[in-house]
Amino acid sequence: MPQQRAVIWCAVSTAAQAMEDKTSLDAQESDGRAAADREGLEVLEVLKVPGHSRRYLSLEKCAADMLAAGINAFARLIELWESRGFEVLIVRDGDRFARTQSLHLRVVEETIHAGARILSLADGWIDANNYRLWGALNSYKAASEIDQMQKRRAASLRARLA
């Protein structure tokens with residue numbers, strides 16, 4: 001049986017997180033490659049978002065804004081879905097895809113509908129049997145983390161002004 005083709009997704013939200021002295025993107029790729037080796041997967045491509053918000057409702061708007069910033073990760077992922085260019089999408093955890101529930105769920109559903117599975121390094125295999133539950137829980141978690149961070153920031157600013 002031929003090796004399954006895998007794509008690794010790596011993402012951080014800010015340019016500061018993507019600086020050379022940070023390890024997050026490199027660690028995500030390294031961990032993804034190690035998982036691919038363990039699972040006997042052929043890594044075709046690594047899609048990186050080196051510092052761009054994924055707090056969008058529209059996949060197309062997010063992809064277009066990223067392309068304008070020189071980041072082709074979502075545009076390329078869309079092409080790969082359309083061509084059924086991979087069987088496994090490897091990601092550290094669900095919040096790397098998006099920071100809104102709608103965008104997160106779109107990535108999960110498009111991946112499954114393209115005939116692929118997701119290998120979440122945090123949660124294991126996501127496939128046609130469990131993607132709805134995983135997508136719902138992880139999209140809630142990813143969006144809620146950002147909501148809480150924004151609330152804390154606003155409270156801190158109000159306290160400083162007082």
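**Close-up views of a predicted model**

**View 1. Helix 1 lies across the strands of the predicted model.** Helix 1 spans residues 24-39. Strand 1 (5-12), strand 2, strand 3, strand 4 and strand 5 are the strands that helix 1 crosses. Helix 1 runs at about 160° to strand 1.

**View 2. Five strands form an open sheet.** The strand order is 2-1-3-4-5, and the pairing is mixed. Strand 2 (42-50) and strand 5 (124-126) stand at the edges. Each has a single partner strand, so one side of each lacks a neighbour in the sheet. On average, neighbouring strands are turned by 25° against each other, direction ignored.

**View 3. Strand 3 and strand 4 run parallel.** Strand 3 covers residues 88-91, and strand 4 covers residues 117-120. Four bridges join the two. Ile 90 stands opposite Leu 119 in strand 4. Helix 4 (residues 101-113) lies across strand 3, strand 4 and strand 5. The angle between helix 4 and strand 4 is about 130°.

**View 4. Ser 120 is a buried residue of strand 4.** Its relative accessibility is 1%. The side chain of Ser 120 reaches the backbone nitrogen of Asp 123 at 3.0 Å. Neighbours within four places in sequence aside, Ser 120 is in contact with Val 91, Arg 92, Asp 93 and Trp 134.

**View 5. Cys 10 and Cys 62 are buried.** Cys 10 has a relative accessible area of 0%. Cys 62 also has a relative accessible area of 0%. A search of the whole structure finds zero disulfides.

Conventions: Residues numbered from 1 in each chain as written. Predicted model: local features only at pLDDT ≥ 70, side-chain atom pairs only at ≥ 80, totals over all residues. Heavy atoms only, no water. Disulfide = S-S within 2.5 Å. Buried < 20%, exposed > 50% of the residue type's maximum accessible area, 1.4 Å probe, protein only. Polar contact = N/O pair within 3.5 Å; in protein donor to acceptor, adjacent residues only side chain to side chain. Contact = heavy atoms within 4.5 Å. Pairing = 2+ DSSP bridges. Axes fitted to C-alpha atoms, helices over the stretch in contact; angles between N-to-C directions.
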